[in-house]
Amino acid sequence: MPPIHHDNGFRKQRFTDAGGSDYTAIFRTEYSGQDLRRDTTTATETFASQGTRYEYFVIGDDDLTLRTMNARGGRRGGVIGPRDDHVVFWLQHGRLEMHFADRSRVIEPGSPYIASASEAYRFESEETVYNGVHISDAFLRKTAGELGYPMPDGPVLFDQQDERIARREPLRRLLGEVSPTLMDDRVRGAMRTALNRRLATVVLDTFPLRDRGDDVPTASRLRDAIAFVEERARDRPSVPAIAAAAGLSERGLQEVFARTLGVTPNGFLRDQRLDEVRRELLRGESPNSVLEVARRWRFTNPSRFATAYRARFGEDPSATLRAATSQRPDGRSSWRIRQAVAYIETHLDEVCTVADIAAAAGLRPRRLQQLFKEERGTTPTAFLRDLRALRRSGDRS
């Protein structure tokens, strides 16, 4: 007898306007949009005649799906009703407003956002491109039970990631690792379920749950552990000290770091200290001594320090210092960030993506984000937005 193959509702589908798919029908089917109001759905119908276009892709099973949507060409609006799945998504382009019963949020490209399954909201979007993960509420509850996480009897409601966690991008890191396999439609059954469970676990580890009584969500404990390391990195705190600060056992700390950040607590501490060394070198405040900076951050073995630095940043620490001191005529920004700023300033009236800015600076997008934060204290997207707002205010005056 041949083995029984369980697909668990697997599907791989692509919908496009060019292929004759109706946006409104997909919206109702995939997002419980059957309660659309006329004054908001009219926006969709009106803009459809003005050249809106979209492409919507879904792959996965009943437990978890990966999705992408390209909805450029105009504005859309409507009401998304309660659903069976929680949605974690990243805007790659455009702008989205979400209006809940008790709050409103403006979403722009950058950090992930989670929309809880039971919450309805009205939305208004413009020129949006996004990637998302849809996780069924039933599967999330099952995964939580296997992890021993207490869950509310009623609706599962999530808060957003703390900024300390969000900038580490744990879910995006994991997606980068597993999405090639999940995008393979030959991967089904037990292997897909195992990968789905890894993603669901990181969601539970990094997005705090509301309404859990006196229980402190693991996401909050992880936040406290990261904060403790960031604030005390120079002291090289021990793993027991980090665990105690977060209210976790040493084993619990090791597990949550491994599955969310892909590193041990000691490895995370080392990387934090390396990051601090790099920040100081980029500021060029100790122009004659890399070792002086390294010692301040408790690196006592020069050879091991140099090896670790090269592995993390792809260059010798002395090269970082030379670039910071020789390519800073303004004393503030490295050459590549000045290139990025110049590109932004000359493209204020055009579509200007992080990928475009990074290419102009000769950097990978993630590296651009890191350097911009280190040297400017903000992100390229926020800097662009602020410049545009400044120009608008100047035009009005």
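Arg-296 and Glu-292 sit 4 residues apart in helix H11 (residues 290-296), so about one helical turn separates them. Their side chains meet in a salt bridge, with N to O at 3.2 Å. Neither partner is tucked away in this predicted model: Arg-296 is partly exposed, with a relative accessible area of 29%, and Glu-292 also counts as partly exposed, at 37%.

That pair is one entry in a longer list, since the count for the structure comes to 38 salt bridges. Another one joins Arg-310 to Asp-316, where the closest N and O atoms are 2.8 Å apart. Here too the partners are partly exposed: Arg-310 has 40% relative accessibility, and Asp-316 has a relative accessible area of 32%.

Things look rather different around Arg-67, a residue of strand S3 (residues 64-80). Arg-67 forms a salt bridge with Glu-30, and the closest N and O atoms are 2.7 Å apart. Arg-67 belongs to strand S3 and Glu-30 to helix H1 (residues 23-31), so the bridge ties together parts that are 37 residues apart in sequence. Both ends of this bridge are buried: the relative accessible area is 5% for Arg-67 and 12% for Glu-30. With the cut-off for buried set at under 20% relative accessible area, the two residues qualify on those values.

The bridge does not stand by itself. Arg-11, Glu-30, Arg-67, Arg-83 and Asp-85 are linked in a network of salt bridges. Arg-67 also has a polar contact of 2.9 Å with the side chain of Tyr-56, made through its own side chain. The pairing with Glu-30 turns up among the polar contacts as well, again side chain to side chain and at 2.7 Å.

Who else surrounds Arg-67? Setting aside neighbours within four places in sequence, the residues in contact with Arg-67 include Arg-11, Glu-30 and Asp-85, which brings in charged company. Tyr-31, Tyr-56, Phe-57 and Tyr-130 are also among the contacts of Arg-67, and so are Val-58, Asn-131, Gly-132 and His-134.

Two of those contacts lead straight on to the aromatic residues. Tyr-31 and Tyr-56 form one aromatic cluster together with Phe-15, Phe-27 and Phe-123. A search of the whole structure finds 12 aromatic pairs. Rings also turn up under arginine side chains elsewhere in the chain. Arg-234 lies over the face of Trp-297, at 4.2 Å from the ring centre. In a similar vein, the charged end of Arg-278 sits over the ring of Phe-313, 4.7 Å from the centre of that ring.

Helix H3 gives a view of how one element is placed. In H3 (residues 137-147), the buried residues are Asp-137, Phe-139, Leu-140, Thr-143 and Ala-144. Looking down the axis of H3, these buried residues fall within an arc of 160 degrees, so they line one face of the helix. Ala-138, Lys-142 and Gly-145, on the other side of H3, are exposed. What lies on top of the buried residues? The cover for the buried residues of H3 includes two strands, S4 (85-99) and S7 (121-136), along with helix H6 (190-206). After H3 comes Gly-148, with a positive phi near 80 degrees.

Positive phi values are not confined to glycine here. Glu-127 has a phi near 55 degrees, a positive value in a residue other than glycine. Glu-127 is found in strand S7, which is among the elements that cover the buried residues of H3. The relative accessible area of Glu-127 is 26%, making it partly exposed. Glu-169 is a further non-glycine case, with a positive phi of about 50 degrees. Where does Glu-169 sit? Glu-169 is in the loop between helix H4 (163-166) and helix H5 (170-182). With a relative accessible area of 23%, Glu-169 is partly exposed.

Definitions and conventions
Residues numbered from 1 in each chain as written. Predicted model: local features only at pLDDT ≥ 70, side-chain atom pairs only at ≥ 80, totals over all residues. Heavy atoms only, no water. Buried < 20%, exposed > 50% of the residue type's maximum accessible area, 1.4 Å probe, protein only. Arc of directions from axis to C-beta. Contact = heavy atoms within 4.5 Å. Polar contact = N/O pair within 3.5 Å; in protein donor to acceptor, adjacent residues only side chain to side chain. Phe/Tyr/Trp six-rings, centres within 6.5 Å; stacked < 30°, edge-to-face > 60°. Lys NZ or Arg CZ within 6 Å of the ring centre and 35° of its normal. Salt bridge = Lys/Arg side-chain N within 4 Å of Asp/Glu carboxyl O.
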